[in-house]
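Subject: Structure handover and findings

Hi,

Here is the structure for you to load. My notes on what turned up follow below it.

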Amino acid sequence: SPVNGRRVVFSLQLQTVTLIPGDGIGPEISVAVMKIFESAKVPIQWEERNVTAIQGPGGRWMIPPDCKESMDRTLIGLKGPLKTPIAAGHPSMNLLLRKTFDLYANVRPCVSIEGYKTPYTDVDLVTIRENTEGEYSGIEHIIVDGVVQSIKLITEDASRRIAEYAFEYARNNQRNSVTAVHKANIMRMSDGLFLRKCREVAENFKDVKFTEMYLDTVCLNMVQDPTQFDVLVMPNLYGDILSDLCAGLIGGLGVTPSGNIGANGVAIFESVHGTAPDIAGLDMANPTALLLSAVMMLRHMGMHDYGKKIETACFDTIRDKKVLTGDLGGKSKCSEFTEEICRRVRDMD
Amino acid sequence: MNVTAIQGPGGRWMIPPDCKESMDRTLIGLKGPLKTPIAAGHPSMNLLLRKTFDLYANVRPCVSIEGYKTPYTDVDLVTIRENTEGEYSGIEHIIVDGVVQSIKLITEDASRRIAEYAFEYARNNQRNSVTAVHKANIMRMSDGLFLRKCREVAENFKDVKFTEMYLDTVCLNMVQDPTQFDVLVMPNLYGDILSDLCAGLIGGLGVTPSGNIGANGVAIFESVHGTAPDIAGLDMANPTALLLSAVMMLRHMGMHDYGKKIETACFDTIRDKKVLTGDLGGKSKCSEFTEEICRRVRDMD
C-alpha cells in the first residue's frame, strides 16, 4: 500500500500497471510493448482493463467500475488509442478519464529521433499543459441572435498546481528552465493570474530558470529554432496547440509520447495517435508512440535504467533504418520491428 | 503622416485628425513599425488604428524566399485573421477571489464578413482553396457559429474549394508539410498564433508582409516587425518586410505588373546573395540593398 502517497517499490516485487489496450491498432501495439518489456525483464505485471464508457444508475456515463478500481489501486496506467463513440449522448472517453482521475497535467516530451528525418534535428523540449480549465470549460451562451460567448476560466488553484508540477518536473528531470507561455498582454486578468502564479511558484524553485513568453512569439521562434526551448508550461488551449506543434517538429503523433498526471497520484501514459482502423490487425502498426509513453511511465515510476535501455533500443532500431514500419519509411511488420527492439534489449545484458 | 495618438476633447485618445482625414480620403496606407508608448493610459496604437478604421481582416501571405534558408522551401499560403472580436474582446471579470473569467465573443456578422473576405481574396488571387481553422469540437457554440458562416459563404464560391481543420491538427501538419495549405481563415486568437507560426516558416517578421482590410474600403499595409531602436539611423535595416507589404498594396490596388516587377527584383536580390543586409546573412547597408533592387528594377525595362 502507498506510503506517504508514494508507492514504495522493492526490487523483487512486481509492480502492477493498468493496461488499457484501446481500439483499432491499440491491442497489437500493446502486445508489442509487453513483449519488449518482457525482453528487458522489467519487474512489472500488466492488468488489462477496458475503458469503454457504460451508463450507470440514473443514466450517467462512467468508466467501468473494474477499470476505475484497478487504476485507483495501481495508480499507473498505460493506454492505447480509443475510438470516438458514435452513440448519441456518449461522452468523449478522454474527457471522462480526465474528470474521473482529475488528470490536470498533460505532459509531452518532444525529442528529435535520430534516423527519422524532419526539418529539425535537435528538438528536446517538454510541453506541460493545464488540462482541466481555461478555454475548455465548456461554458457557452447565446447572448442574442447571432452573438455567442464562450467563457475561459482561469483559477488560482489550477494555475498554481500546474506551475508546481512543471517546476517539480524540471527539477526531477534535470531540465534547466521553465517558460510560462501566455497572452497576458491581451488577456490581462485571466492569463495575468496564470502568469502570477507561475512567478510565485518560481520563487520556490530558484534552481530552475524561469522565463515568460507570449504564445505567438513562442510559435514564431519555435519553427525557426526549437532548441531555445526547454520546459514550457501553459493553460489549456495554448497547450493543445503547442503540444501538437511540437509533436509535428519531431515527426508527428506516431512517435510522440504523452503522460497525464492526476491529482491523487494517478498517472496515465498514452499514445496520442488515432486507432488507424485501416491497418488494424494487419501487423503494420508502429508501436513507437506507445513504447515511448511506456518509457515515460518507467521514468515516472523511478525505473530509469529500464527506461533508458528500452528507449535506446528503440532509437537505435530507428537510426539503423534496417527494420522500420511503413510510416517510418520501411517495409517491416510491427512484429518484426518489435522483435528487432527486443533483440537489442537482450543484447544489452 | 504621423499616427501617434493624441488626446482629444474629454481626454479620449485618438489618432491625429489629419492622419484620419488622409486615410479616409486615400483609402490606402502603408505603415512602418510603431513604438509602444510608455505613457500611462496611452492605448495600443495598433488597437486604435484597428478601431478607427474597423480593420477587420489581417492578411499575411507567407511565401518561401529562395535564397533565405529556412527548414522549409515551398511555403505558399495566406493567413486571414478576423481581427475585431473573438478572444480579444477585452471583457474579463473576477468571479470570486482566485477565479477569473475571460469572454470570447463570436458574432454572425463578423464571421460572415471575414469568410466573405477570405473567399473573395482566394478568387481574386487565383488561390485554390480556403480552409476554416477552428476548435468547434470543443467550443461548439462559438467556433461552431464561425464555422457555419464559413460553410454558408462557401456555397456562394463554388469555384473555390472549402475545407475545415482543427487548429491543433493544422499546427501538427503545418510544421511537417506546409505545402498542403493555401488560404486559411480563422477567428482572432488562432489567427494571431498561426500568422506568427507561418511567418516563422519563411524566416520571421523581417521578411513577412501584412495587410489590414477595413470595413469602409480602407486598407493599411504594414511591416509587423519592431522598430529595432538599436540599429535605427545606422543604415543597417532590412526593408524587405515593408517592401513586400507595399507589393501587397500594389496588388490590392490592381497594379499587378508593378507589384510583380518589384517583388521579382527583391527576390532576385536575395537569391543572388551578393548584396544582403545583416539579418539576411550579408554585410551590406540598407541603402546598398535598396540600390541593388532599384538597379534590377531599372534593368527590367
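Tyr258(B) sits in helix α8 of chain B, which covers residues 256-272. The model is a predicted one, so please read everything here as computed from it. Tyr258(B) counts as exposed because its relative accessibility is 55%, above the 50% cut-off. It shares a nonpolar surface patch with Met253(B) and Met255(B). Together the three have about 310 Å² of accessible area.

Nonpolar cores

In soluble globular proteins, nonpolar side chains tend to be buried together. Here the largest nonpolar core has 67 residues. The members that touch the most others are Phe37(A), Ile44(A), Val107(A), Ile128(A), Val233(A), Met297(A) and Ile310(A). Helix α8 of chain A (residues 288-300) gives this core its largest share, eight residues.

Take Ile310(A) as an example. Leaving out residues up to four places away in sequence, Ile310(A) touches Ile36(A), Phe37(A), Ala40(A) and Val42(A). Its contacts also include Leu291(A), Val295(A), Leu298(A) and Val345(A). Another core, of 58 residues, lies apart from the largest one. Among its members are Leu245(A), Tyr72(B), Val175(B) and Leu280(B).

A hairpin in chain B

Strands β6 (residues 92-96) and β7 (residues 99-107) of chain B run antiparallel. Four bridges join them. Val96(B) has Val99(B) in β7(B) as its bridge partner. Two residues lie between the strands of this hairpin. Gly98(B) takes a positive phi there, near 85°.

Salt bridges

The count over all chains is 62 salt bridges. Three are worked through here.

Start with Arg344(A) and Asp320(A). Their closest N and O atoms are 2.9 Å apart. Arg344(A) is in helix α10 of chain A (residues 334-347) and Asp320(A) is in helix α9 of chain A (residues 304-320), so the pair ties together parts 24 residues apart in sequence. Is each end buried or exposed? Arg344(A) counts as buried, at 15% relative accessibility. Asp320(A) is partly exposed, with a relative accessible area of 36%.

Next, Lys31(B) and Glu222(B). This salt bridge has its closest N and O atoms 2.4 Å apart. Lys31(B) is in strand β3 of chain B (residues 28-31) and Glu222(B) is in strand β12 of chain B (residues 219-222), so the pair ties together parts 191 residues apart in sequence. Lys31(B) is buried because its relative accessibility is 11%, under the 20% cut-off. Glu222(B) is buried too, with a relative accessible area of 10%.

Last, Glu152(B) and Lys149(B). The closest N and O atoms of this salt bridge are 2.9 Å apart. Both residues lie in helix α4 of chain B (residues 142-154). They are three residues apart, about one turn of the helix. Glu152(B) is partly exposed, at a relative accessible area of 41%. Lys149(B) counts as buried, at 5% relative accessibility.

Which residues do shared partners join into one network? They are Asp320(A), Lys322(A), Glu340(A), Arg343(A), Arg344(A) and Asp347(A), linked by salt bridges. The Arg344(A) and Asp320(A) pair described above is therefore made of two members of that network, each with its own burial class.

Best wishes

Note on methods
Residues numbered from 1 in each chain as written. Chains lettered and ligands numbered in written order. Predicted model: local features only at pLDDT ≥ 70, side-chain atom pairs only at ≥ 80, totals over all residues. Heavy atoms only, no water. Patch = residues over 30% accessible without salt bridge, like charges linked within 9 Å, V, L, I, M, F, W, Y side chains within 5 Å. Areas by Shrake-Rupley, 256 points an atom, 1.4 Å probe, with all protein chains shown as cover. Salt bridge = Lys/Arg side-chain N within 4 Å of Asp/Glu carboxyl O. Buried < 20%, exposed > 50% of the residue type's maximum accessible area, 1.4 Å probe, protein only. Core = buried A, V, L, I, M, F, W, Y, C linked by side-chain atoms within 4.5 Å. Contact = heavy atoms within 4.5 Å. Pairing = 2+ DSSP bridges.
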